[in-house]
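Good morning, and thank you for joining this group meeting. I shall walk you through one structure, and I ask that you keep the sequence and the 3D view before you as I speak.

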Amino acid sequence: MFTLPTDLLALHETRLKALHAPRQEEALKALATLDPADPQSVHATALALRPWKKGPFEFLDTRIDAEWDCRRKWQRLHKHLPDLSDKLVLDVGCGNGWYMQQLRQAGAREVIGFDPGQMNYLQWTFTQKIKPDPAQALYLLGVEELPALKKTFDVILHMGVLYHHRDPVMQLIDLRESLTPGGTLFLETIGVPGAQTTLYLPPDRYAGMPNVWFLPTLNALTTMLERARFTDIKVLSTHWDGVEEQRPTEWGPGPSYAGALDPSDPRKTIEGHPAPERFIVSARSKELR
Ligand SMILES: C[S@@+](CC[C@H](N)C(=O)[O-])C[C@H]1O[C@@H](n2cnc3c(N)ncnc32)[C@H](O)[C@@H]1O
């Protein structure tokens, strides 16, 4: 089984202690008293853990229809995955672990998730209390921790994270160096249309989000992967289902994708930027000779 280096484990444990902030009190109280066999207790705990951004999940009588219908992205991705039965997989920015569950169901030997989001961690803990899986572990860590994990993972998923960070090429280099020789990265990102090799740089908010630093064209994305010395770069998907894939629900309420678009022209965001496309690419680290 995978074990974290002790300094990363200490960082995870420090962040775990911060979960006990008053903001998480209701969620923690519900988790502490959860009876995984009692439908009412499961339902009440799931409610206390809202908002559910990623799903859907089904637990006893409770069906959690999250803001994102992740089945659509999984459908675009899973047919390209290799045989995972002997693979250690990392999902960086794994959210509440929805894709970790799919990876295990698809046969992955072991799945590690990194995500610093506190509510994501609590939701994953809830799913584990209901159906424990010793071959999964989620840590309150981020992509920044990868330099401490060289040549470790056979497969890495890195989805919806690249554009939230300021240094995309360095992030790609860190991802490549964390792969075992010949290992595969599956990367998903928002991007902009166009045949140029350019990054679109919103000067401020993008689709309502304050933390989007750039959006690549597809050519810019593959060029960055080349510059980060990946090999065997393949474009797997260039579309997504927009408002059918990301929409407000009872379990994941609040502003969602439709509200981020210009009501008079859905090809634009509310700020007037090009609306996002979504790209999925795969790329491999070089085999050792
Ligand atoms: C847009 S969501 C994508 C979630 C999931 N990977 C997916 O594709 O649906 C971005 C995720 O990255 C997480 N995140 C934020 N900072 C991060 C970091 N420094 N390293 C890794 N993940 C981070 C967030 O908590 C959030 O769950």
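**Loops, helices and the central sheet**

Let me begin with Pro56, which is found in the loop between strands S1 and S2. I should say at once that this is a predicted model. Gly55 and Pro56 are joined by a cis peptide bond, whose omega is about 5 degrees. A further cis bond runs from Arg50 to Pro51, with omega near 5 degrees. Pro51 has its place in the loop between helix H3 and strand S1, the latter covering residues 54-55.

Continuing along the chain, Leu60 is found in the loop between S2 and S3. Its phi is near 50 degrees, a positive value in a residue other than glycine. Is Leu60 buried, or partly exposed? Leu60 counts as partly exposed, because 15 other C-beta atoms lie within 10 Å.

Asp232 also has a positive phi, near 55 degrees, and is a residue other than glycine. Asp232, however, is placed in strand S12. With 13 other C-beta atoms within 10 Å, Asp232 is partly exposed.

I turn now to helix H3, residues 39-48. Which of its residues are buried? They are Val42, Thr45 and Ala46. Viewed down the axis of H3, these buried residues fall within an arc of 100 degrees, so they line one face of the helix. As general background, an α-helix has 3.6 residues a turn, so residues three or four places apart point the same way. The cover over the buried residues of H3 includes helix H2 (25-32), strand S2 (57-59), strand S3 (62-64) and helix H6 (118-130).

Next comes the sheet. It is an open sheet of 7 strands in the order S7-S6-S5-S8-S9-S15-S12, and its pairing is mixed. Which strands stand at its edges? They are S7 (136-139) and S12 (231-237); each has a single partner strand, so one side of each is left without a neighbour in the sheet. On average, neighbouring strands of this sheet are turned by 15 degrees against each other, direction ignored. In general, strands of a sheet pair through backbone hydrogen bonds, either parallel or antiparallel.

Within this sheet, please look at strand S8, residues 153-159. S8 is mostly covered, with 6 of its 7 residues buried. Strand S5, residues 88-92, runs parallel to S8 and is joined to it by 4 bridges. Here Asp91 stands opposite Leu157 in S8. S8 also runs parallel to strand S9, residues 179-191, and 6 bridges join the two. One of the pairs is Phe153 with its bridge partner Leu179 in S9.

The sense then changes as we follow the order of strands. S9 and S15 run antiparallel and are joined by 8 bridges. Thr184 stands opposite Arg284 in S15. S15, residues 277-284, pairs in turn with S12, in the antiparallel sense over 4 bridges. In that pairing, Lys234 stands opposite Ser282 in S15.

Helix H7, residues 168-178, is our next stop. Its buried residues are Pro168, Gln171, Leu172, Asp174, Leu175, Arg176 and Ser178. What covers them includes the strands S8 and S9, together with helix H8.

That brings us to Ala228, which has its place in the loop between helix H8 (218-227) and S12. Why does Ala228 count as buried? Because Ala228 has 20 C-beta neighbours inside 10 Å. Which residues is Ala228 in contact with, leaving aside its neighbours within four places in sequence? They are Val169, Leu172, Ile173 and Arg176. Met170 and Ala228 are 58 residues apart in sequence, yet 7.7 Å apart in space, C-alpha to C-alpha.

Finally, I come to the ligand. How many residues surround it? There are 19, and the closest are Gly93, Gly117, Gly142, Met159 and Gly160. By class, this shell comprises 9 nonpolar, 6 polar and 4 charged residues.

To close, I would ask you to keep two points in view. The sheet is open and mixed in its pairing, and the ligand has Met159 among its closest residues. Thank you for your attention.

Definitions and conventions
Residues numbered from 1 in each chain as written. Predicted model: local features only at pLDDT ≥ 70, side-chain atom pairs only at ≥ 80, totals over all residues. Buried ≥ 20, exposed ≤ 12 C-beta atoms within 10 Å, placed from the backbone. Arc of directions from axis to C-beta. Contact = placed C-beta atoms within 7 Å. Near = placed C-beta within 6 Å. Nonpolar A, V, L, I, M, F, W, Y, C, P; charged D, E, K, R; others polar. Pairing = 2+ DSSP bridges. Axes fitted to C-alpha atoms, helices over the stretch in contact; angles between N-to-C directions.
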